[in-house]
Amino acid sequence: MIFGAIMDKNLYAKRVVELNNLPVDEGGKCVIYWMQRSQRATDNPALNSAVNLANDLGKPLLVYFGLFDVYPMASVRVFKFMLEGLKEASAALIDKGIPFLMRREMPPEGIVRAAIEFNACAVVVDEDYLNIGRSWRKIAADRLPVRLIQIDAETIVPARITHKEEWGAYTIRPKILKALDQYMTDIPDSSINHKLRLEPGNSIDLSTVDPLTLANSLDVDQQVTPTPHSIGGLSEALSRLERFIREGLPRYSDEKNDIGVSVSSNLSPYLHFGQISSLRTALAVQDADAPGESIDAFLEQIIVRRELAINFCLYNNRYDSLDAASDWARRTLDAHRTDERPELYLLEELESAQTYDQLWNAAQLELVRFGRIHSYMRMVWAKNILVWSPTPEEALSQAIYLNDKYALDGRDPNGYANIAWCIFGKHDRPFAERPIFGKIRCMTSEATMRKTHWRNYIKP
DNA sequence: ATCGGCTCGCGCAA
DNA sequence: TGCGCGAAGCCGAT
């Protein structure tokens, strides 16, 4: 069995899920890597798996990407950023002798057409852990004429070392740490044996296309415009990583919760689109010359917390709903449904930053203008939405709407887990009971003003 | 400035 | 069955 052979010799056994029972067609002409989430040409377990399979079969590899704009919260902002990253990734792939096929179509339909058109032996796809991607892969698995193999390529420790939704960081942390030594190692990129100068017909050629022009031509929200100083792609991610290690990391542990200073890596959008791998980032930080406290604090974020968020979305497909709340959280929020709110804002009032709270307004403006909110302030931001909404359900959907619409890293497991933590105490524990919050951990703008250099945050 | 209490339930030790 | 402890808090007492 050919696939068994690649599983034995690669390091990815726990990352593999076969999405259908069809055979690998050894008489086919190529292997196709259906790129979705892991939009990079290096440090990519899904790409490496596809290359290894192609080499075993003695075939070339083709990368397929379906550009689909009829997508919730699709905007010029995120498409420009994504296309900049894809432009760099496709050039790197072509350099390696792997043609890049990009078509504007619905991905699960496009991959089936491409597999037939190019006579694929098998298709390898990366995993995004979210519902839309899951439903697309299901469609493709049912319609492809050959095997569809899914690779978990965004985690450092494979998500399937645990087989259930974890209760909190403290339950997943020991499992991750136990396996971490094995996975915190640099794995060289596989190189393709059979390089092919395939000229895929009807492909968008990113080498000759301006990402912004292409993004503008799509059927996406034109009101959410590109953010200043954000250029997608691995080069920019690596330069941010280097700057972070030099300037932010040394102060990370002490100052990460002060909204008046910026010690964050700002790599989240690059991680969201898979333009840089979390393993590459974690290895660089681990080896950095910085206080151990700061290194540990950052690794906790990029490994434990990030992979807890992935675990949440992987094992709970209600990750964007109050259905995902634990019993104690639902009970306590229910008990406070009729508590009087200081103000009830409409979505439009929130969106345009017109609340009585100047700190919250500043956070909302940061989101609209820069596509992000300071990591500490983002919690205060979401907690306030709970206070100003008629129901927890409404608060949840408004927070998710605003985050997914404006954040460059929207529609990400991190975002859903973060908002779930804020609104309904996911992965958290109960605290002293208060109005509206019940036993959900309370955070307020007033307390944040007492504790941090907030004036630096508010000033324009 | 620092500290305890608040409050639930998982997971492990026993 | 008991017990320790947990993402980032808040408040009030000392």
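Which side chain does the side chain of arginine 280 meet in a salt bridge? In this structure, which is a predicted model, the partner is aspartate 43, and the N to O distance between the two side chains is 2.8 Å. Arginine 280 belongs to helix 10, which spans residues 278–286, whereas aspartate 43 sits in the loop between strand 2 and helix 2, so the salt bridge ties together parts of the chain that lie 237 residues apart in sequence. With a relative accessibility of 24%, arginine 280 counts as partly exposed, because the range for buried residues ends at 20%.

The loop that holds aspartate 43 also holds arginine 40, and this residue leads to another salt bridge. The side chain of arginine 40 meets that of glutamate 154, again with 2.8 Å from N to O. Glutamate 154 is found in the loop between strand 6 (147–151) and helix 6 (169–183), while the loop of arginine 40 runs between strand 2 (30–34) and helix 2 (45–57), so this pair joins parts of the chain that are 114 residues apart in sequence. Glutamate 154 has a relative accessibility of 1% and therefore counts as buried, and arginine 40, at 2%, counts as buried too.

Glutamate 154 takes part in a further salt bridge, this one with arginine 306, where the closest N and O atoms are 3.4 Å apart. Here the link runs from the loop between strand 6 and helix 6 to helix 11 (residues 292–315), and the two residues are 152 positions apart. Arginine 306 is buried, as is glutamate 154. These charged residues belong to a network of salt bridges that links Arg37, Arg40, Glu154, Arg306 and Asp412. In the structure as a whole there are 27 salt bridges.

Helix 11, which carries arginine 306, can be followed to its contact with helix 8 (residues 234–255), where the two axes come within 7 Å and cross at roughly 95°. That angle makes helix 8 roughly perpendicular to helix 11. On the side of helix 8 the contact is made by Phe244, Leu249, Pro250, Arg251, Tyr252 and Ser253, and these meet Glu293, Ser294, Ile295, Ala297, Phe298 and Gln301 of helix 11. Sorted by class, the residues of this contact are 7 nonpolar, 3 polar and 2 charged.

Further along the chain, helix 17 (residues 413–424) packs against helix 15 (residues 375–387), their axes being 8 Å apart at an angle of about 50°. The two helices are therefore oblique to each other, and their crossing is right-handed. Arg378, Met379, Ala382, Lys383 and Leu386 of helix 15 are in contact with Asn418, Trp421, Cys422 and Ile423 of helix 17, a set that divides into 6 nonpolar, 1 polar and 2 charged residues.

Helix 17 also packs against helix 16 (residues 392–406), here at an angle of about 150° and with the axes 10 Å apart. This pair is therefore roughly antiparallel, and the crossing is right-handed. Among the residues that meet are Ala395, Leu396 and Ile400 from helix 16 and Tyr416, Ile419 and Phe424 from helix 17. By class, the contact of helix 16 with helix 17 has 9 nonpolar, 2 polar and 1 charged residues. Ile423 of helix 17 takes part in the contact with helix 15 and also in the contact with helix 16.

Helix 4 (residues 107–117) offers a view of how a helix is covered by its surroundings. Its buried residues are Pro107, Pro108, Gly110, Ile111, Val112, Ala114 and Ala115. What covers them includes strand 2, strand 3 (61–67), strand 4 (100–104), strand 5 (120–126) and helix 5 (131–143).

The backbone, finally, deserves attention. Most residues other than glycine have a negative phi. Asparagine 119, which follows helix 4, has a positive phi, near 55°. Alanine 353 also has a positive phi, near 55°; this residue lies in the loop between helix 13 (347–351) and helix 14 (358–370) and is buried, with a relative accessible area of 10%. Isoleucine 436 has a positive phi of about 65°, is placed in the loop between helix 17 and helix 18 (445–451), and counts as buried at 6% relative accessibility.

Definitions and conventions
Residues numbered from 1 in each chain as written. Chains lettered and ligands numbered in written order. Predicted model: local features only at pLDDT ≥ 70, side-chain atom pairs only at ≥ 80, totals over all residues. Heavy atoms only, no water. Salt bridge = Lys/Arg side-chain N within 4 Å of Asp/Glu carboxyl O. Helix = DSSP H or I, 4+ residues; strand = E, 2+ residues; numbered from the N terminus. Buried < 20%, exposed > 50% of the residue type's maximum accessible area, 1.4 Å probe, protein only. Axes fitted to C-alpha atoms, helices over the stretch in contact; angles between N-to-C directions. Parallel < 35°, antiparallel > 145°, perpendicular 65-115°, else oblique. Left-handed = near helix turned anticlockwise from the far one by under 90°. Contact = heavy atoms within 4.5 Å. Nonpolar A, V, L, I, M, F, W, Y, C, P; charged D, E, K, R; others polar.
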